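Student: I have a model open and want to go through its fold. Can you take me through it?
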Amino acid sequence: MTLGFDVQDKTVPRRKPGARRSVVILGATGSIGTSTADVILNSNGAFDVVAVAGGRDPIALAKVARELGARFAALADPSGYDALKEALQGTGIKAAAGREAVIEAALQPADIVVGAIAGTAGVEPTYAALSAGRTVALANKECLVCAGAVFIHQAKAMGTRLLPVDSEHNAIFQALGDADSDTIEMMTLTASGGPFRSWTAEAIAKATPEQALKHPNWAMGSKVTIDSAGLMNKGLEVIEAHHIFGIEAERLDVLVHAQSVVHGLVAFRDGSVTAGLAAPDMRVPIAHCLSYPERLTTRARRLDLAAVGQLTFERPDFDRFPALRVALDALRTGQGLPTVLNAANEVAVEAFLNRRISFHDIARLVEACCEAALRDGTAAEPASIEEALAVDHIARESARTLLARGEGFGKLTTC
Ligand SMILES: NC(=O)C1=CN([C@@H]2O[C@H](COP(=O)(O)OP(=O)(O)OC[C@H]3O[C@@H](n4cnc5c(N)ncnc54)[C@H](OP(=O)(O)O)[C@@H]3O)[C@@H](O)[C@H]2O)C=CC1
Ligand SMILES: CC(=O)[C@@H](O)[C@H](O)COP(=O)(O)O
Ligand SMILES: [Mn+2]
């Protein structure tokens, strides 16, 4: 019952208060990576950056490695090695490239590893860090959607902490205080509603990538921004919350809150409700995790409630945003369906961004893959990272086959 609570044991400080912390940043060149760098660079030397890792952009990685004074920079794309090495010449920063290099970065001795790689690419290196006993500040929700039970089991086995960077989960984590799981009636994650919050179903179905990439409140990487536009992000986040807090689906709720000021709420069985509020600025939860249980001073935007004026809340509309229903169904069905959902969604988002399918088809393709996995018996609950990645692989193949045929989820439309 209290699985996730153990992973965030709030009682035991593991290091000397005020001591300099060593940090590894996985996904250092992205939106979360850049916000993390901002927090670190404005912390009066509170952090020592051991290593940074990125995906495909050697120049951006070299830049952030230099700015942060990192000692090791790892790029996932091996073809970028020469450019990375050249960009780091004379700095003394070691350059490496390839999948193993990113894992090597994740395994560098450090107090905390920031998991901010986009998508399932983050699963292996983040799991490696956790397995090496590192405290992980986790932004990369796909790790928990793909292999949540495996991650939580490993965190418990290693006695390591998984701190939630995702804004809703961080807000709930802060709102929880030292509550016991049994005292909680409901946890609520808020959703901005994305750019299509007030659009008709017909208009949403035909939305272009440019329209879907215009998030009203947050500047984020493209994958999570598309997820947000269809409320798939909220579905992934409910699955993330289920694992990170050890709370069953029935006690997890979603409310659309266009202002993105109240990020998460906890309702207790005595009728009390606590909530986590902040201006929509990821430097807030990042700083909270990096300094936990202490507090940093940050340059993050301050919340001015008088300027916000009104806070609004509404129930999500499952008809206009079917992706949320598909994700919640996957969580309720269990087995390896969240793993399938996560994999199929990545394929679908990429296909949408490449204009191969319409916005409407994202949820339809994901649902068709979940149905196929149940029918074919390829959605067994993964007991290890290897098993999770095997289920993920089959689901991707299934999604690509459906995409190529344009079958199984209705006729594909182009936008
Ligand atoms: N942005 C936000 O505000 C929030 C994001 N999150 C989550 O955080 C994660 C990161 O999101 P975000 O920062 O927006 O994404 P971005 O796309 O902006 O950044 C992704 C980062 O991952 C790197 N990367 C990609 N593949 C690999 C790989 N195989 N190995 C190492 N690094 C890799 C990218 O490098 P390169 O650019 O060179 O490819 C980049 O540094 C996602 O899971 C997202 O859902 C959660 C809450 C809020
Ligand atoms: C900032 C953050 O945590 C994102 O995951 C955010 O939740 C996206 O906004 P939506 O509420 O629109 O999904
Ligand atoms: Mn979020």
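Tutor: Start with burial: in this predicted model, 51% of the 415 residues in the protein chain are buried.

Student: What secondary structure does the protein chain have?
Tutor: It has 18 helices and eleven strands.

Student: How does the radius of gyration of the protein chain sit against a compact globule?
Tutor: The protein chain has 20 Å, and a compact globule of 415 residues would have a value near 22 Å, so the two agree. Along its principal axes, the C-alpha trace spans about 55 × 55 × 45 Å.

Student: Back to the inside. Which residues touch the most other members of the largest nonpolar core?
Tutor: Val52 and Cys369, in a core of 135 residues. Helix H17 (residues 359-376) gives the most to this core, with ten residues.

Student: What is Val52 in contact with, leaving aside neighbours within four places in sequence?
Tutor: Its contacts are Ile25, Ala28, Leu61, Val64, Ala65, Leu68, Ala70 and Ala73.

Student: New topic, helix packing. At what angle do H2 and H13 pack?
Tutor: About 60°, with the axes of H2 (residues 31-41) and H13 (residues 283-291) 9 Å apart. The crossing is right-handed.

Student: Which residues make the contact?
Tutor: H2 supplies Ile32, Ser35, Thr36, Asp38 and Val39, while H13 supplies Arg283, Ile286, Ala287 and Leu290. By type, the contact of H2 with H13 has five nonpolar residues, two polar and two charged.

Student: And over the whole protein chain, what share of contacts with a separation of 6 or more comes from residues 24 or more positions apart?
Tutor: Such pairs account for 71% of those contacts.

Definitions and conventions:
Residues numbered from 1 in each chain as written. Chains lettered and ligands numbered in written order. Predicted model: local features only at pLDDT ≥ 70, side-chain atom pairs only at ≥ 80, totals over all residues. Core = buried A, V, L, I, M, F, W, Y, C linked by C-beta atoms within 7 Å. Buried ≥ 20, exposed ≤ 12 C-beta atoms within 10 Å, placed from the backbone. Helix = DSSP H or I, 4+ residues; strand = E, 2+ residues; numbered from the N terminus. Contact = placed C-beta atoms within 7 Å. Axes fitted to C-alpha atoms, helices over the stretch in contact; angles between N-to-C directions. Left-handed = near helix turned anticlockwise from the far one by under 90°. Nonpolar A, V, L, I, M, F, W, Y, C, P; charged D, E, K, R; others polar. Rg over C-alpha atoms; globule rule 2.2 N^0.38 Å.
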